[in-house]
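Student: I am new to this structure. Can we go through it in short steps?

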Amino acid sequence: GLCVFDLERCSNTSQQSESKTKPIFTAQAHQCMVNAIDALGGTSIGCGAPEIVTGGRDGCVRIWDTRVNHAVTCFEPEK
């Protein structure tokens, strides 16, 4: 599966809660291993949507918007 963590929250030593180590986004990304991952956008104005792009050994490329719990689009290889 795909898990995204907030590294600033995880490294904040003033927080003493279990919630800081929980992922902020999870999804079943690919049928096989994820070979590549990249991110773009963000929460600031003008940055665009907070999206993650993954490429898997299954040959698929998926684009994820972390505000929803499913892939926004998927590019699959021809059979």
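**Reading the model**

Tutor: At 44% relative accessibility, L40 counts as partly exposed. Buried means under 20% relative accessible area, exposed over 50%, and partly exposed in between (1.4 Å probe, protein chains only). This is a predicted model: local features need pLDDT of at least 70, side-chain atom pairs count only at pLDDT 80 or more, and totals for chains, interfaces and linings use all residues. Residues are numbered from 1 along each chain as its sequence is written, and side-chain values use heavy atoms, with hydrogens and water left out.

Student: In which strand is L40, and how far is L40 from P50 in space, C-alpha to C-alpha?

Tutor: L40 sits in strand β3 (residues 34-40). Strands (E, at least two residues) and helices (H or I, at least four) are DSSP runs, numbered from the N terminus. L40 touches A49, P50, E51 and V53, leaving aside residues up to four places away in sequence; contact means heavy atoms within 4.5 Å. L40 and P50 are 10 residues apart in sequence, and their C-alpha to C-alpha distance is 6.1 Å.

Student: In what order do the elements of the protein chain run?

Tutor: The protein chain has 1 helix and 6 strands. From the N terminus on, the order is β-α-β-β-β-β-β.

Student: Where is confidence lowest in the protein chain?

Tutor: pLDDT is the predictor's confidence in each residue, from 0 to 100. The chain has a mean of 81, and 86% of its residues reach 70 or more. Confidence is highest in strand β6 (residues 71-75), at 92, and lowest, at a mean of 73, in helix α1 (residues 7-11).

Student: Why does that matter for a reader?

Tutor: Confidence tells you how far to trust the details. Where pLDDT is low, the predicted coordinates should not be read in detail.

Student: Which residues form the largest nonpolar core?

Tutor: A nonpolar core is a set of buried Ala, Val, Leu, Ile, Met, Phe, Trp, Tyr and Cys residues joined through side-chain atoms within 4.5 Å. The largest one has 7 residues: L2, V4, F25, A27, A29, I52 and W64. The elements giving two or more residues to this core are β1 (2-4) and β2 (25-27).

Student: Is T54 buried or exposed?

Tutor: T54 lies in strand β4 (residues 51-56). Among the residues T54 touches are L2, H30, C60 and W64. Its relative accessible area is 1%, so T54 is buried.

Student: With which side chains does the side chain of T54 make a polar contact?

Tutor: A polar contact is a pair of N or O atoms within 3.5 Å; within protein, one must be able to donate a hydrogen and the other to accept it, and residues adjacent in sequence count only if both atoms are side-chain atoms. The T54 side chain makes one such contact at 3.0 Å, with the side chain of W64. Another, at 2.8 Å, is with the side chain of H30.

Student: How many disulfides does a search of the whole structure find?

Tutor: A disulfide is a pair of cysteine sulfur atoms within 2.5 Å. The search finds 0 disulfides. C60 is in none, and its nearest cysteine sulfur is that of C74.

Student: Why is there no bond between C74 and C60?

Tutor: C60 is buried, at 7% relative accessible area, while C74 is partly exposed at 30%. The sulfur of C74 is too far from that of C60 for a bond, because the distance is 4.2 Å.
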